[in-house]
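This report works through selected side-chain environments and pairings, and then turns to the chain as a whole. The sequence and structure come first.

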Amino acid sequence: MERPGRLLLQSELRVRNAAYDVSLSRSLLTWKRRAASPVYHPFRPSVCHSVPVSEIISVREEEEENGSRQRDDGSWKKIREREGKDCRQAFTVLYVERCQQHRWRCAEVTFTCSDETVCQHWVSSIREQLASNTSRPKHLLVYINPYGGKHQGKRIYEQKVAPLFTQAGISTSVIVTEYANHARDHLKMEAELKKFDGVVCVGGDGMFSEIIHGLIWRTQIDCGVDPNSPEEALSPCSLRIGIIPAGSTDCICFATVGTNDPVTSALHIIVGDSQPLDVCSVHHNNMFLRYSVSLLGYGFYGDVLSDSERKRWMGPARYDFSGVKMFLTHHYYEGTVSYLPARGIIGTPRDATRCRSGCVICQHNGQLNSERSEKYEMDEASDSVSIHPWLFCSPESSGEWRTIRGKFLAINAASMSCACPRSPKGLSPAAHLADGTTDLILVRKCSRFNFLRHLLRHTSKDDQFDLTFVEVHRVRRFRFMPRHCQSDSDLELDLHENSKRQIFSQICKDHPACGCAPAYSSWNCDGEILTHTAIDVRVHCQLIKLFARGIEELPVFEDLTNPCAI
């Protein structure tokens, strides 16, 4: 309990007919049960609860007749209890309660006052503290995808989220999307963003991707920035984004909150949490393709996505089926990767340190990135040369750039851990949400057994990068060029022809002379297939902000067994 001099209010109130010392400061609401006897009992610890004011959802004043809503059975005890409650005033505080597996729930406690003036003073003081918190949203623009996941988005919002927003006094403007990219197009052209404090999407990772594409594009146009130029430093978005998970994977929620629970995400939005997030822009020949916040995958993960898209009738099981099929097919692809290593930062892809709430690495590297952003700009001369010669330049001729050529089973860029229930560690366990870098993972050609070893390490405690055919680099920017790629028309023709001969590729894939093995894969960009293979990827540090706070450390939840731990 804080020192009395720092308290705003302190009273003796009752909770369930027990006397409590209740105090309110600018940061904490605390209630401690008063001892019934002055004699110390070592095996009867005092009951004490503390809730941060920032995690109070709302407060309401109870009506006098609330105490008489119990069923009257005519007993003397019930009559006395009812009479005792009717003569008092009460108020109820709704607050965040932490549960297991990073889940949050809405809990409440009712305080009974002996005087109406005291009750009103408490209610007005708590509401005043909540109103002074400028980080809390008051008006939200909500997009609901009714078709994502198991088609439960509308029901989840109406039954689990909307009541919480109403209790917290948040007004909403709800749009139920009617077609693909409806939310993106609305944000780009029609939405009056100045009226809102944030944008909320109800759906999966695909719906979130729509939101960021519309919001980032709109922000750049309003700021006079050309989104098609890979050399432009993008302007950060002012509105925060909330995610109510209702999809199949919900990878973003797992990385930023720790769970894909709709109530937990709604409570993070209500309390006004803010978590910056890096965004990768993907370009081809000075033409914008997509934004990515989690995974860019070429080779294995690109093939899995391409194959699974043809089997959507299988539902979520299509990912398992396509994964096994692509593992057995065991395609490798030749190409050249050039990357700009992240210099002067703290942390490496093989650290034991994980990105958690209040991450020091994200704060340090984010500040460093903003101070040195001009230093890592590319020379304008390299943009004037045709047919991508930048992919074949040496580190000496281009400053910091490095080049790797080879045959790869997979090329992945993870801007976050990409953890999910099937892969608790993710593709890159030490990747950070807001440090201005992405982890470039190169898996060279190897046997099926060795590749299986690498995949299995995503679910074990072993270092998945501690293999001779795997290398990982923390980079600010990278480019990829597949071998023999001369033009987009040639590439599209090759992809079309290879799809016709796919049935033979499993038989003679190791014989390039026969031409049956596919020469090119596809890029998996946050679950969407890119139309181009040669790409230029740049990380934009803390471009957007989410209504989240990062994954809290486990001790925060474990200490809840001690009522005074918070």
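In this predicted model, the side chains of His-364 and Asn-365 are joined by a polar contact of 3.0 Å. His-364 belongs to helix H10, which covers residues 360-371, and its relative accessibility of 36% places His-364 in the partly exposed class. Once residues up to four places away in sequence are set aside, His-364 touches Gly-344 and Ile-346. Ile-345 lies 19 residues from His-364 in sequence, and the C-alpha atoms of these two residues are 7.8 Å apart in space.

Gln-220, a residue of helix H5, has a relative accessibility of 0% and therefore counts as buried. A polar atom of the Gln-220 side chain lies 2.8 Å from the backbone nitrogen of Ser-235. Ser-235 also appears among the residues that Gln-220 touches beyond four places in sequence, together with Val-225, Pro-227 and Leu-234.

**Salt bridges**

Side chains of opposite charge can pair when their charged atoms come close. The structure holds 26 salt bridges, and three of them are set out below with their N to O distances and the separation of the partners along the chain.

| Salt bridge | N to O distance | Separation in sequence |
|---|---|---|
| Arg-549 and Glu-55 | 3.2 Å | 494 residues |
| Glu-552 and Arg-98 | 2.9 Å | 454 residues |
| Arg-477 and Glu-231 | 2.9 Å | 246 residues |

The side chains of Arg-549 and Glu-55 meet in a salt bridge. Because Arg-549 lies in the loop between strand E21 (535-546) and helix H14 (554-558), while Glu-55 lies in the loop between strand E4 (48-52) and strand E5 (56-62), this pair ties together parts of the chain that are 494 residues apart in sequence. Both Arg-549 and Glu-55 are buried.

A salt bridge also joins the side chains of Glu-552 and Arg-98. This pair links distant parts of the chain, with Glu-552 in the loop between E21 and H14 and Arg-98 in strand E6, residues 89-98. Glu-552 is buried at a relative accessible area of 9%, and Arg-98 is buried at 11%. These two residues are linked with Glu-55, Asp-273 and Arg-549 in a network of salt bridges.

In the third listed pair, the side chains of Arg-477 and Glu-231 meet at 2.9 Å, N to O. Arg-477 is in strand E18 (residues 470-482), whereas Glu-231 is in the loop between helix H5 (205-223) and E11, so that distant parts of the chain are again linked. Arg-477 has a relative accessible area of 3% and is buried, and Glu-231, at 18% relative accessibility, likewise counts as buried.

**A buried acid without a partner**

Which side chain of opposite charge is nearest to Asp-250, a buried residue with no salt bridge? The nearest is that of Arg-103, at 9.8 Å, and since a salt bridge requires a nitrogen of Lys or Arg within 4 Å of a carboxyl oxygen, that distance does not qualify. Asp-250 is placed in the loop between strand E11 (240-245) and helix H6 (251-256). Leaving out neighbours within four places in sequence, the contacts of Asp-250 are with Gly-203, Gly-204, Asp-205, Pro-245 and Asn-260.

**Cysteines**

A disulfide is a covalent bond between the sulfur atoms of two cysteines. With a cut-off of 2.5 Å between cysteine sulfur atoms, the count in this model comes to zero disulfides. Cys-237 is in no disulfide, and the cysteine sulfur nearest to it, that of Cys-223, is 8.6 Å away. Cys-237 is buried at 7% relative accessibility, and Cys-446 is buried with a relative accessible area of 13%.

**The chain as a whole**

The protein chain contains 14 helices and 21 strands, and buried residues make up 52% of its 566 residues. Among the contacts in the chain with a separation of 6 or more, residues 24 or more positions apart account for 75%. The exposed area of the protein chain is about 27,200 Å², of which carbon and sulfur atoms supply 50%.

Terms used
Residues numbered from 1 in each chain as written. Predicted model: local features only at pLDDT ≥ 70, side-chain atom pairs only at ≥ 80, totals over all residues. Heavy atoms only, no water. Buried < 20%, exposed > 50% of the residue type's maximum accessible area, 1.4 Å probe, protein only. Helix = DSSP H or I, 4+ residues; strand = E, 2+ residues; numbered from the N terminus. Lys, Arg positive; Asp, Glu negative; His and termini not counted. Contact = heavy atoms within 4.5 Å. Areas by Shrake-Rupley, 256 points an atom, 1.4 Å probe, with all protein chains shown as cover. Polar contact = N/O pair within 3.5 Å; in protein donor to acceptor, adjacent residues only side chain to side chain.
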